[in-house]
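Here is a friendly first tour for anyone who has just opened this model. Have the sequence and the 3D view side by side as you read.

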Amino acid sequence: MKCPFCQHEDTQVLDTRVSEEGDSIRRRRRCVKCDKRFTTYERIELSMPIIVKKNGSRTEYASAKLRGSLMLALRKRPVSAEAIDGAVASIEEKLLTSGQREVDTGHVGELVMQELKRLDKIAYIRFASVYKNFEDLAEFQEAIAEVGHERKPRK
C-alpha cells in the first residue's frame, strides 16, 4: 500500500478491525519512510454482469430497469413492495453467483418469469405475453394452462 503522503510503497499495518456491519475491514497503517499514519478500508466489490441485448449491443446492468419491468407486470396486483424487493434481490443474486461476465437479455427475462410465476400468476401471464411475443389466443391459452396446472386445489 502506497503512503498517501510520500508515495513510499512500504507501509506497516498497525491495527485491523472489522466494521460493525461486517462488510468492510479498517486497517490503521504507518509509513516506514515518513512515519505518518493513515487508515485504509477494504470492501467487497461485486460487479454485475454486462447485459447483451438481442441486437448484440452491450449495456450495464440497471437494477431500476429490472424493478420497472416487475412493477409494470405487477401493476394493480396484490403484491407487497417487500415481495418485489425480494424478487429483485433473488434475480440479482442469481446473476452474481452465475459467475458470468456477460448475460443475454433472454436469460434475465427467464429469471424474471420465474419470479413472477412465484409471485403472481396474472403478472406472469402479462409479462410472458410481451416477452414471448404472443401472436394469437392459443399462445395465451397455453400459458394459462401452464400456470393453471400448478395451482393448488381449493378446500
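## A first look around

Gln7 sits in the segment before strand 1 (11-18). Keep in mind that what you're looking at is a predicted model. Gln7 is worth a stop for its backbone: its phi is positive, about 70°, although the residue is not a glycine. Most residues other than glycine have a negative phi. As for how open this spot is, Gln7 counts as partly exposed, at 45% relative accessibility.

Asp35 has a similar story to tell. You'll find Asp35 in the loop between strand 2 (24-31) and strand 3 (37-43). Its phi is near 65°, again a positive value in a residue other than glycine. Asp35 also counts as partly exposed, because its relative accessibility is 47% and that class runs between 20% and 50%.

Now step into strand 3, where Thr40 lies. Is Thr40 buried or exposed? Thr40 is buried, since its relative accessible area is 12% and the cut-off for buried is under 20%. Not counting residues up to four places away in sequence, Thr40 touches Met1, Ile25, Arg26, Arg27 and Arg29.

## Helix 1 and its two sides

Next up is helix 1, which covers residues 63-73. Which of its residues are buried? They are Leu66, Leu70 and Ala73. Looking down the helix axis, you'd see these buried residues fall within an arc of 65°, so they line one face of helix 1. Turn to the face that points away from that buried side and you meet the exposed residues Ala64, Lys65 and Leu72.

Arg67 is in helix 1 too. Arg67 is partly exposed, with a relative accessible area of 30%. Setting aside neighbours within four places in sequence, Arg67 is in contact with Ile84, Asp85 and Val88.

## The nonpolar core

In soluble globular proteins, nonpolar side chains tend to be buried together. Here, the largest nonpolar core has 26 residues, and the ones touching the most other members are Leu70, Leu74, Val112 and Leu116. Which elements give two or more residues to this core? Helix 1, helix 2 (81-97), helix 3, helix 4 and helix 5 (137-149) do. Helix 3 provides the largest share, with six residues.

Leu74 makes a good place to zoom in. Apart from its neighbours within four places in sequence, Leu74 is in contact with Val79, Ile84, Leu116, Leu119, Asp120, Ala123 and Arg126.

## The largest pocket

How much space lies in the largest pocket? About 430 Å³. There are 17 residues lining this pocket, and the closest to its centre are Ile51, Lys65, Ser69, Thr105 and Val108. Helix 1, helix 3 (105-119) and helix 4 (121-131) each supply at least two residues of the lining. The largest share of the lining, five residues, comes from helix 3. By residue type, the lining divides into eight nonpolar, five polar and four charged.

Let's pause on Val108, which is found in helix 3. Val108 is buried, with a relative accessible area of 15%. Leaving out neighbours within four places in sequence, Val108 is in contact with Ile51, Leu95 and Val103.

Over in helix 4 you'll find Lys121. Lys121 counts as partly exposed, at 30% relative accessibility.

## Along the chain and across space

To finish, here are some pairs to try in your viewer, with their separation along the chain beside their C-alpha to C-alpha distance.

| Pair | Apart in sequence | C-alpha to C-alpha distance |
|---|---|---|
| Thr40 and Ala73 | 33 residues | 44 Å |
| Val108 and Leu66 | 42 residues | 8.8 Å |
| Lys121 and Ala143 | 22 residues | 9.9 Å |
| Arg67 and Ala89 | 22 residues | 10.0 Å |

Try the Thr40 and Ala73 pair, which spans 44 Å in space, and then switch to Val108 and Leu66, whose C-alpha atoms are separated by 8.8 Å.

Key
Residues numbered from 1 in each chain as written. Predicted model: local features only at pLDDT ≥ 70, side-chain atom pairs only at ≥ 80, totals over all residues. Heavy atoms only, no water. Buried < 20%, exposed > 50% of the residue type's maximum accessible area, 1.4 Å probe, protein only. Helix = DSSP H or I, 4+ residues; strand = E, 2+ residues; numbered from the N terminus. Arc of directions from axis to C-beta. 1 Å grid on protein atoms, 1.4 Å probe; cavity = no way out; pocket = protein on both sides within 12 Å on 5 of 7 lines; lining within 4 Å. Points joined across faces, edges and corners; volume = space filled by probe spheres on them. Nonpolar A, V, L, I, M, F, W, Y, C, P; charged D, E, K, R; others polar. Core = buried A, V, L, I, M, F, W, Y, C linked by side-chain atoms within 4.5 Å. Contact = heavy atoms within 4.5 Å.
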